[in-house]
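Me: I would like to learn how to read the features of a structure one at a time, with the general idea stated before the case at hand. Could we work through one together?

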Amino acid sequence: MTRLADLAELVRAPAALSVPGDVLSGAAAAGALDRRTPALAGASVLLYWAGMAANDWADRRLDAVERPERPIPSGRIRPATALGVAAGLTAAGLAVAGAAGGRRATAVAVPLAATIWGYDLLAKNTAAGPAVMAACRGLDVLLGASVGPARGRGGREAAPAARGLVRALPAGSGLVRALPAALTVAAHTWTVTALSRREVSGADRRLPRATLAGTALVAATALGRPDPVPVALAAGYAGRYCAAQVRVLADPSPARVRAAVGAGITGLPALQGALTARAGARLLGLAVAAAAPLGRRLARLISPT
């Protein structure tokens, strides 16, 4: 009988703490924070866990060689069970998104789910892998903005000349306003995914140089106008993640690369918090960032990588 602990390891349950902040930062940027936002965050977590289960199913033969301790190659979870869990979580995530946000949320959640499965089954081991994973996170941010009002800046209704464009988008200008946050989270995700591809073999020093430069740019874009809350959160994000990448530069061994990937995953809430605070929701931004230390503690029990 499959144990709950094995399922938690299969979906890398603690890593899901890095997920709700996507939706919250997107909703804050779009001016769409409301009672639907928690449900959209829940849908995002379900889709994330689905992707993790599908990832292990797709990698089951490779993991038998490189990571035999994982739930499928160790025999603790059957491949068919993992695939069923992935499919069930995907269906649940889409259903929750549709129930919470209607057609607008579904119009973002369906491409998000398709991109997640596309990464696991097709793109992961190709040159396009980091970009596809970045697209997953970017779409996740836009999921939070999907129920935003079709309004222009300052909350006014869109001008008549722009209404055609507004109607052409699932959530009007909400998606447009959240696009900078989505691109910032996507860029961070690219750095983490690029590093994760060297968790077993170790990295060439050119890789951490590139991801360090990307991390510095990501932190800078999260600042926005001078404000102590997003500045502090962006600095905290950059400090931990950059330090881990600097250690990879000094010693590009698999262990150091895995540590940097873990720092990127568990440090994401600080970046999401900075983006949320930058949009004006300072207390919520601090709450989002508070998931980072909890994620690091839970990562000691179940690896997020």
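Me: In which helix does T211 lie, and is T211 buried or exposed?

Reply: This is a predicted model, and in it T211 lies in helix α9. The cut-off for calling a residue buried is under 20% relative accessible area, and T211, at 0% relative accessibility, therefore counts as buried.

Me: Which backbone oxygen does the side chain of T211 reach, and with which residues is T211 in contact once its neighbours within four places in sequence are left aside?

Reply: The side chain of T211 reaches the backbone oxygen of P208 at 3.2 Å. With those neighbours left aside, T211 is in contact with W190, T191, A194, L195 and Q245. Of these contacts, Q245 is listed among the buried residues of α10, a helix that spans residues 228-250.

Me: How should I read the length of α10, and what span is expected for this helix at 1.5 Å a residue?

Reply: The reading sets the distance from the first C-alpha to the last beside the expected span: α10 has 23 residues and reaches 32 Å, which is close to the 33 Å expected. At the start of α10, a side-chain oxygen of D227 reaches to within 3.0 Å of the backbone nitrogen of V229.

Me: Which residues of α10 are buried, and what covers them?

Reply: The buried residues of α10 are V229, P230, L233, A234, Y237, A238, Y241, C242, A244, Q245 and V248. What covers them includes α8 (173-196), α9 (206-221), α11 (254-278) and α12 (282-289).

Me: How does one describe a pair of packed helices, and at what angle do the axes of α8 and α11 cross?

Reply: Two packed helices are described by the angle between their axes and the distance between the axes. The axes of α8 and α11 come within 9 Å and cross at roughly 175 degrees. Since angles over 145 degrees count as roughly antiparallel, α8 and α11 are therefore roughly antiparallel to each other. On the α8 side the contact is made by P180, A181, T184, V185, H188, V192, L195 and S196, and on the α11 side by V257, A260, V261, G264, I265, L268, L271, L275 and R278. Sorted by class, the contact of α8 with α11 has 12 nonpolar, four polar and one charged residues.

Me: Staying with α11, what does the side chain of Q272 reach, and is Q272 buried or exposed?

Reply: Q272 has its place in helix α11 and is buried, with a relative accessible area of 0%. The side chain of Q272 reaches the backbone oxygen of S18 at 2.7 Å. When neighbours within four places in sequence are left aside, Q272 is in contact with S18, V19, G21, D22, S25, R137 and V288.

Me: What should I make of the sign of phi, and where is R12 placed?

Reply: Most residues other than glycine have a negative phi, and most peptide bonds are trans. R12 has a positive phi of about 50 degrees although it is not a glycine. R12 is placed in the loop between α1 (4-10) and α2 (20-30), and at 4% relative accessibility R12 counts as buried.

Me: How can separation along the chain be set beside separation in space, for instance for L142 and R177?

Reply: One reads the two separations side by side: L142 and R177 are 35 residues apart in sequence and 9.6 Å apart in space, C-alpha to C-alpha. L142 is found in helix α6 (residues 129-145) and is buried, with a relative accessible area of 15%. Apart from neighbours within four places in sequence, L142 is in contact with V108, L175, A178, L179 and A182. A further pair is G102 and S146, 44 residues apart along the chain, whose C-alpha atoms are separated by 9.6 Å; G102 belongs to helix α5 (residues 79-123) and is partly exposed, with a relative accessible area of 28%.

Me: How many helices and strands are there in the chain, and what share of the contacts with a separation of 6 or more comes from residues 24 or more positions apart?

Reply: The chain has 13 helices and zero strands. Residues 24 or more positions apart account for 76% of the contacts with a separation of 6 or more, and of the 305 residues of the chain, 50% count as buried.

Terms used: Residues are numbered from 1 along each chain as its sequence is written. This is a predicted model: local features need pLDDT of at least 70, side-chain atom pairs count only at pLDDT 80 or more; totals for chains, interfaces and linings use all residues. Side-chain values use heavy atoms; hydrogens and water are left out. Helices (H or I, at least four residues) and strands (E, at least two) are DSSP runs, numbered from the N terminus. The expected span of a helix is 1.5 Å times one less than its number of residues. Buried means under 20% relative accessible area, exposed over 50%, partly exposed in between (1.4 Å probe, protein chains only). Contact means heavy atoms within 4.5 Å. A polar contact is a pair of N or O atoms within 3.5 Å; within protein, one must be able to donate a hydrogen and the other to accept it, and residues adjacent in sequence count only if both atoms are side-chain atoms. Axes are lines fitted to C-alpha atoms, for helices over the stretch in contact, and angles run from 0 to 180 degrees between N-to-C directions. Angles under 35 degrees count as roughly parallel, over 145 as roughly antiparallel, 65 to 115 as roughly perpendicular and the rest as oblique. Ala, Val, Leu, Ile, Met, Phe, Trp, Tyr, Cys and Pro count as nonpolar, Asp, Glu, Lys and Arg as charged, and the others, Gly among them, as polar.
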